[in-house]
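Here is a quick tour for anyone meeting this protein for the very first time. Take a look at the sequence and the model, then read on.

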Amino acid sequence: MYYYSFLFIIILMMILLEPGKSEVYTVGDEEEWNSDVNYGSWSHKYNFTLGDILVFKYSKNEHNAYEVTEASYQSCDVSNGNGVLAKYESGEDEVELSKVKKYFFICIIAGHCFGGMRFAINVSNVTAVKIPESEPNPPSKSLSFTFAGCQNWNLLICLVASGILFKLY
Ligand code: CU1
């Protein structure tokens, strides 16, 4: 019986912790952050939520990853630093999506942005999206035949049910 309680707690924890888990996405997946990759289609593969992390992997000095405004994303123009919100240039940049908003990323090396090294993503709030999934969990109902659960049941039915379960275990 102790073993089953322990198992139940583990399962419950997995269910409760799952919605808040942040994901780590390597931009471009195995193709990483490079020329000749269609990042428009890459960015539509996933639902990005608050707290997720984007990792830009590329050869330092060959590329970079700038977070820019929508205008600079459209024009590929960040001359004089216009429209730049953040600069990432290490070659392995981790960018936490810490705001619910639309993010725009480009590479500012000449020709790369127009060549395809740009994408936009919509970051949504975890709780707003995941609420339907965390509604009453069926597992907790099927495991409510404990003595504590007897308060909610006709005592006789409950004791019989508990007796059956004890024999089964
Ligand atoms: Cu580039």
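## Getting your bearings

Before anything else, a word on terms: helices here are DSSP runs of H or I with at least four residues, strands are runs of E with at least two, and both are numbered from the N terminus. Keep in mind too that this is a predicted model.

With that in hand, you can count six helices and seven strands in the protein. Walk along the sequence and you meet them in the pattern α-β-α-β-β-α-β-β-β-β-α-α-α. The protein has 169 residues, and 19% of them count as buried. What about contacts across the sequence? Take the contacts between residues at least 6 apart in sequence: 69% of these join residues at least 24 apart.

## The four-stranded sheet

Let's start with an open sheet of four strands, arranged in the order 4-3-6-7 with antiparallel pairing. Its edges are strand 4 (84–88) and strand 7 (118–122), and each of these pairs on one side only. Going from one strand to the next, the twist averages 25°.

Now look at strand 3, which covers residues 65–68 and pairs with strand 4 in the antiparallel sense over four bridges. Two spots are handy for finding your way along this pairing: Val68 stands opposite Val84, and Glu67 stands opposite Ala86. Strand 3 also pairs with strand 6 (residues 102–106), again in the antiparallel sense, over two bridges. There, Tyr66 has Ile106 as its bridge partner.

## The three-stranded sheet

There's another open sheet to find, with three strands in the order 1-2-5 and mixed pairing. Strand 1 (24–26) and strand 5 (92–96) sit at the edges with a single partner strand each, so one side of each has no neighbour in the sheet. The twist here averages 20° from one strand to the next.

Strand 2 (residues 53–57) runs antiparallel to strand 5, and five bridges join the two. If you want a landmark, try Phe56 in strand 2, whose bridge partner in strand 5 is Asp93.

## Inside the nonpolar core

Which residues have the most contacts inside the largest nonpolar core? They are Tyr66, Phe105 and Ile106, in a core of 22 residues. Strand 2, strand 3, strand 6 and strand 7 each supply at least two residues of this core. Strand 6 gives the most, with four residues.

Tyr66 is a good place to zoom in. Leaving out residues up to four places away in sequence, Tyr66 touches Val78, Val84, Ala86, Lys87, Phe105, Ile106 and Ile108. You've already met some of these: Ile106, for one, is the bridge partner of Tyr66 in strand 6.

## A closer look at Ser43

Last stop: Ser43, which you'll find in helix 2 (residues 39–43). Is Ser43 buried or exposed? Buried, because 20 other C-beta atoms lie within 10 Å, and a residue counts as buried at 20 or more.

Who are its contacts? Setting aside neighbours within four places in sequence, Ser43 is in contact with Phe119, Ala120 and Ile121. Ser43 and Ile121 are 78 residues apart in sequence, yet their C-alpha atoms are 6.4 Å apart in space. Ile121 falls within strand 7 (118–122), one of the edge strands of the four-stranded sheet.

How values were computed
Residues numbered from 1 in each chain as written. Predicted model: local features only at pLDDT ≥ 70, side-chain atom pairs only at ≥ 80, totals over all residues. Pairing = 2+ DSSP bridges. Axes fitted to C-alpha atoms, helices over the stretch in contact; angles between N-to-C directions. Buried ≥ 20, exposed ≤ 12 C-beta atoms within 10 Å, placed from the backbone. Contact = placed C-beta atoms within 7 Å. Core = buried A, V, L, I, M, F, W, Y, C linked by C-beta atoms within 7 Å.
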